[in-house]
Amino acid sequence: MKKPLVNISLLSLLLLILVSCKKEDDKFTFVPARDRGEEAPVSTAIIEEYLDTHFYNYEEFLNPPADFDFKIKFDTIAGDNIGKIPLMQQVSFKMVPDRIAEGVTYKLYYLNALEGGGEHPKFPDVATLTYEGTYLNTEFSGSAYTQRFDSAVTPISFDLTNVVNGFQDGVIEAKTSPFPPIEGSDGSLSFIDYGVAAVFIPSGLGYYVSPPNGSAIPFYAQLIFTFQLYSSRQGDQDNDGIPSVFEDLNNNKLEEDDDTDNNGLPNFFDADDDGDGRPTSEEIISREYVLEVGEAEPTLLPDEFEIRRTYDEDTMQTTIFTVEYTDEDNDGIPDFLDEDS
Ligand SMILES: [Ca+2]
Ligand SMILES: [Ca+2]
Ligand SMILES: [Ca+2]
Ligand SMILES: [Ca+2]
């Protein structure tokens with residue numbers, strides 16, 4: 001199930017430089033991938049047409065029937081449904097950069113059908129959700145149709161740095177449940193007060209010319225994901241002790257473009273960020289403070305900061321996790337980013 005969501009940005013980059021190929025007259029002719037900047041408004045137009053002509057089951061979300069599954073369903077505004085409110089009037093959007101072509105941005109539409117009571121995942125976190133992915137295509141029929149290509153009906157955890165970019169960008173606009181899962185007698189997990197959302201992904205933030213092997217997704221397909229977001233945990237993809245959200249040094253909310261030692265491994269995925277041979281985990285100091293109820297907050301050192309806190313309902317203890325960035329040669333550059341210290 002994971003495969004169709006695998007991040008293909010590197011592969012896309014290759015394909016951008018190389019080509020896609022098409023068989024013609026018994027020989028292969030190479031067709032360069034379309035210009036990403038020119039394709040972006042085309043994608044937007046296709047998605048906007050869909051949003052103008054479709055609605056979702058908002059009435060069920062407003063007045064949930066007893067057996068309602070709290071899943072988003074779309075339908076065409078026509079016939080009996082001619083009076084429905086178009087998605088276009090109910091979605092939000094944000095501008096999102098292309099990860100490959102500099103200067104190209106997309107209008108990313110998303111829908112929060114139900115706001116969770118918890119938190120927004122951060123962009124490099126690991127989210128637990130159920131979902132359905134469809135692609136939107138106009139290539140053959142002239143009008144948009146959707147086709148499901150992937151789904152999970154039991155909760156699955158996704159590293160958000162490892163899914164298609166538009167899905168990552170959409171999930172972080174939803175909120176989790178504020179409560180831990182409830183375990184059923186059969187071991188199944190259920191959640192309450194979670195977020196239900198959808199995201200409408202332009203092809204450049206989807207698969208572009210690299211749909212997953214074996215999938216029926218055409219080139220340049222726009223994608224729509226609906227999902228139920230249950231929980232999220234902080235990502236530390238390289239296990240170096242610094243949560244990935246703090247490895248976004250240029251603070252642009254993209255994890256893939258920070259690479260201190262220029263070795264091709266971005267900091268969130270590099271356990272030796274400065275490439276000095278000493279692992280990052282040995283160039284920082286990680287601490288934990290356990291607080292009893294009513295106990296005062298610890299005073300942190302000047303270069304120490306909190307990365308996370310947890311609360312244990314049984315012991316009623318709060319644990320605060322911190323990291324201190326040491327700077328042995330006092331040059332203002334923390335040791336883990338300083339190749340000569
Ligand atoms: Ca960044
Ligand atoms: Ca690196
Ligand atoms: Ca790192
Ligand atoms: Ca160092």
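## Calcium ion (ligand 3)

In this predicted model, the calcium ion (ligand 3) is coordinated at 2.3 to 2.7 Å by Asp238 (OD), Asp240 (OD), Glu247 (OE, listed twice), Asn267 (O), Asp270 (O) and Asp273 (OD, listed twice). Donors are N, O and S atoms within 2.8 Å of the metal, or 3.2 Å for Na, K and Ca; water is not among the atoms, so sites may look incomplete. The donor residues are spaced D-x1-D-x6-E-x19-N-x2-D-x2-D in sequence.

Both Asp238 and Glu247 are buried (under 20% relative accessible area; exposed is over 50%, partly exposed in between; 1.4 Å probe, protein chains only).

## Calcium ion (ligand 1)

Asp248 (OD), Asn250 (OD1), Asn252 (OD1), Leu254 (O), Asp257 (OD) and Asp258 (OD, listed twice) coordinate the calcium ion (ligand 1) at 2.2 to 3.0 Å. Along the chain, these donors follow D-x1-N-x1-N-x1-L-x2-D-D.

Asp257 counts as partly exposed because its relative accessibility is 38%. Asp258 has a relative accessible area of 4%, so Asp258 is buried.

## Nonpolar cores

A nonpolar core is a set of buried Ala, Val, Leu, Ile, Met, Phe, Trp, Tyr and Cys residues joined through side-chain atoms within 4.5 Å. The largest has 35 residues, and Tyr131, Phe167, Phe225 and Phe227 have the most contacts inside it. Two or more residues come from each of β6 (105-114), β7 (126-137), β8 (145-159), α4 (165-171), β11 (195-201) and β12 (222-233); helices (H or I, at least four residues) and strands (E, at least two) are DSSP runs, numbered from the N terminus.

A second, separate core has 24 residues, including Phe55, Tyr109, Val196 and Ile224.

## Basis

Residues are numbered from 1 along each chain as its sequence is written, chains are lettered from A and ligands numbered from 1 in the order written. Local features need pLDDT of at least 70 and side-chain atom pairs pLDDT 80 or more, while totals for chains, interfaces and linings use all residues; side-chain values use heavy atoms, leaving out hydrogens and water.
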